[in-house]
Amino acid sequence: MPRPTAAQLAYGSCTVIFSTLAMLLLSQTTSGAGIAIIAFAALALGLLVAMTVPLSGKRPAAVEQPAPREPVRASVPAPAPEPVRERAAS
């Protein structure tokens, strides 16, 4: 099983936190069983969101085209010939 990515962890965690707060505030429950059910539902929702993150963002990988091969050309000109210096015979 592949490891979760950072995006999956972030989306799943935010979903759990915000959905738990929203459900607790909207239901106004005070019983332990109600809070446990809401917490379980929030965890299930967070897991669902975390597992579907890569499905919505998948794009096919770009295929690299090899560069056309060109002949190598010398870019440095050949040095100019130096004049020959002759020594005077002594």
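**Figure 1. Helix 1 from end to end in the predicted model.** Helix 1 has 22 residues, and at 1.5 Å a residue they should span 32 Å; the end C-alpha atoms lie 31 Å apart, which agrees. This model is a predicted one, so it helps to begin with a simple check of geometry like this. Helix 1 covers residues 6-27. Across the whole protein chain there are 2 helices and 0 strands.

**Figure 2. The buried face of helix 1.** Which residues of helix 1 are buried? They are Gln8, Gly12, Thr15, Ser19 and Thr20. Looking down the axis of helix 1, you will find these buried residues within an arc of 120 degrees, so they line one face of the helix. Helpful background here is that an α-helix has 3.6 residues a turn, so residues three or four places apart point the same way. For context, 12% of the 90 residues in the protein chain count as buried.

**Figure 3. A close look at Thr15 and its contacts.** Thr15 sits in helix 1. Is Thr15 buried or exposed? Its relative accessibility is 17%, and because buried means under 20%, Thr15 counts as buried. Setting aside neighbours within four places in sequence, Thr15 is in contact with Thr20, Leu45, Gly46 and Val49. Ala44 is worth finding in this view too: its C-alpha atom is 9.8 Å from that of Thr15, although the two residues are 29 residues apart along the chain.

**Figure 4. The other face of helix 1, with Phe18 and a nonpolar patch.** Turned away from the buried side of helix 1 is a face that carries the exposed residues Ala6, Phe18 and Leu25. Phe18, a residue of helix 1, has a relative accessible area of 56% and is exposed. Together with Ile17 and Leu21, Phe18 forms a nonpolar patch on the surface, and the three have about 330 Å² of accessible area together. For the protein chain as a whole, the accessible surface comes to about 8,600 Å², and 66% of that belongs to carbon and sulfur atoms.

**Figure 5. Gln28, just after helix 1.** What is the phi of Gln28? It is near 55 degrees, a positive value in a residue other than glycine. As background, most residues other than glycine have a negative phi. Gln28 belongs to the loop between helix 1 and helix 2. With a relative accessibility of 65%, Gln28 counts as exposed.

**Figure 6. Thr29 in the loop between helix 1 and helix 2.** Thr29 is found in this loop, and helix 2 covers residues 32-57. The relative accessible area of Thr29 is 23%, and Thr29 is partly exposed. Which residues does Thr29 touch, not counting those up to four places away in sequence? They are Leu24, Gly34, Ile35 and Ile38.

How values were computed:
Residues are numbered from 1 along each chain as its sequence is written. This is a predicted model: local features need pLDDT of at least 70, side-chain atom pairs count only at pLDDT 80 or more; totals for chains, interfaces and linings use all residues. Side-chain values use heavy atoms; hydrogens and water are left out. Helices (H or I, at least four residues) and strands (E, at least two) are DSSP runs, numbered from the N terminus. Buried means under 20% relative accessible area, exposed over 50%, partly exposed in between (1.4 Å probe, protein chains only). Accessible areas come from the Shrake-Rupley method with a 1.4 Å probe; for residues, only the protein chains shown count as cover. Contact means heavy atoms within 4.5 Å. The expected span of a helix is 1.5 Å times one less than its number of residues. The arc is that of the directions from the helix axis to the C-beta atoms. Patches are made of residues with over 30% relative accessible area and no salt bridge: like charges are joined within 9 Å, nonpolar side chains (Val, Leu, Ile, Met, Phe, Trp, Tyr) within 5 Å. A salt bridge is a side-chain nitrogen of Lys or Arg within 4 Å of a carboxyl oxygen of Asp or Glu.
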